Amino acid sequence: MNFYLEWKKCLHNIEENKKYIKRFLDKDEESLKVFKDGTTEELISVCKFLLEIPLSNLLYCIDEDRKCTSDMIIQYSNLNHALIDVPRVLKFSENPKTFSELGKIIIKAKEDGACKKYGENHAKVAQEVSMVQLERKGAFIVSNTAFGNFSVSLSEDNRTELVKRLMLRNEFIQKIIYLAKQGLVNYKEVAGEILKETTVNRRKSNVRQLMNLILKDNELSNHIVW
């Protein structure tokens, strides 16, 4: 029985349900398996289950501060390139792609350095929501997970709602939400403890876009100072 079937059995047990939510938010290895290599039937079931979990339930269980490193603060140029184009390109390609190959297909830049950085940033965002996996074979190789392939056929609304839930597993997003629950939180101050000032400013729009997506119509969004 997979993690999500076990979780489903505990939905009406407050304490057990909370334990499963926290394991999900902590990216417990058991919670990741179905995204990596689940069958279509399993993925349909898991996605349906997650969509039925109110986002507020997940937010409620973010009740501790997180230690973060720079790689936990997401960076990208175009969110749709990460969440739609990356898995689509990989699904319809014969082979996995390097960062450079992926970036070149998406933005068609001539400079290899620009393609590599673009591919890397957007692949890592897709990895954050379990759509791709990275493997080091000299260069990093990017390939779709089972969920990455499955995600290509999702409706826009379902993809968005799933991304909200999956992105809540990001440690820096959890940190901001936890601090917002305590009162006003200043993004620049929190990120400034981890990143250089110029990088703090570059990544602000990315973090803000994701927080606005997750906290749409939620009072916590008013507790974040950008």
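Begin by selecting Glu 193, which sits in the loop between helix H12 (187–192) and H13; the model on screen is a predicted one. With a relative accessibility of 67%, Glu 193 counts as exposed. If you also select Cys 68, you will have a pair of residues that stand 125 residues apart along the chain, while their C-alpha atoms are separated by 9.4 Å.

From that loop, move on to helix H13 (197–214), and add helix H10 (residues 156–167) to the selection. These two helices pack at an angle of about 110°, and their axes lie 10 Å apart. H10 is therefore roughly perpendicular to H13, since angles of 65 to 115 degrees are counted in that class. The crossing in which H10 passes H13 is left-handed. To see the contact itself, show the side chains of Thr 160, Val 163, Lys 164 and Met 167 on H10, together with Leu 210, Leu 213 and Ile 214 on H13. Sorted by character, the residues of this contact comprise five nonpolar, one polar and one charged.

Keep H13 selected, and now bring in helix H11 (residues 171–182), which packs with H13 at an angle of about 65°, the axes being 11 Å apart. Here the crossing is right-handed. On the H11 side, the residues to display are Phe 172, Ile 173, Ile 176 and Ile 177, and these meet Val 207, Leu 210, Met 211 and Ile 214 of H13. Which kinds of residue, nonpolar, polar or charged, make up the contact of H11 with H13? The division is eight nonpolar, no polar and no charged. Leu 210 and Ile 214 deserve a label in the viewer, because they are listed in the contact of H13 with H10 and again in the contact with H11.

Staying on helix H11, select Lys 181, a residue that is partly exposed, with a relative accessible area of 33%. Once residues up to four places away in sequence are set aside, Lys 181 touches Leu 59, Tyr 60, Cys 61, Ile 62 and Leu 220. A distance drawn from the C-alpha atom of Lys 181 to that of Ser 221 should read 9.9 Å, although the two residues are 40 residues apart along the chain.

Next, go to Asp 217, in the loop between helix H13 and strand E5 (224–225). Its phi is near 65°, a positive value in a residue other than glycine. Is Asp 217 buried or exposed? Asp 217 is exposed, with a relative accessible area of 77%.

A second residue with a positive phi, about 65°, although not a glycine, is Ser 130, which you will find in the loop between H8 and strand E2 (132–137). Ser 130, at 10% relative accessibility, counts as buried, because the cut-off for that class is under 20%.

For the last stop, follow the chain back into helix H8 (residues 112–128) and select His 122. This residue is buried, with a relative accessible area of 1%. Zoom in on its side chain, where a polar atom lies 2.8 Å from the backbone oxygen of Tyr 118. Then display the surroundings of His 122: apart from neighbours within four places in sequence, the residues in contact with His 122 are Tyr 76, Ser 77, Asn 78, His 81, Ala 82 and Val 86.

Notes: Residues are numbered from 1 along each chain as its sequence is written. This is a predicted model: local features need pLDDT of at least 70, side-chain atom pairs count only at pLDDT 80 or more; totals for chains, interfaces and linings use all residues. Side-chain values use heavy atoms; hydrogens and water are left out. Helices (H or I, at least four residues) and strands (E, at least two) are DSSP runs, numbered from the N terminus. Buried means under 20% relative accessible area, exposed over 50%, partly exposed in between (1.4 Å probe, protein chains only). A polar contact is a pair of N or O atoms within 3.5 Å; within protein, one must be able to donate a hydrogen and the other to accept it, and residues adjacent in sequence count only if both atoms are side-chain atoms. Contact means heavy atoms within 4.5 Å. Axes are lines fitted to C-alpha atoms, for helices over the stretch in contact, and angles run from 0 to 180 degrees between N-to-C directions. Angles under 35 degrees count as roughly parallel, over 145 as roughly antiparallel, 65 to 115 as roughly perpendicular and the rest as oblique. A crossing is left-handed if the near helix is turned anticlockwise from the far one by less than a right angle, and right-handed if clockwise. Ala, Val, Leu, Ile, Met, Phe, Trp, Tyr, Cys and Pro count as nonpolar, Asp, Glu, Lys and Arg as charged, and the others, Gly among them, as polar.
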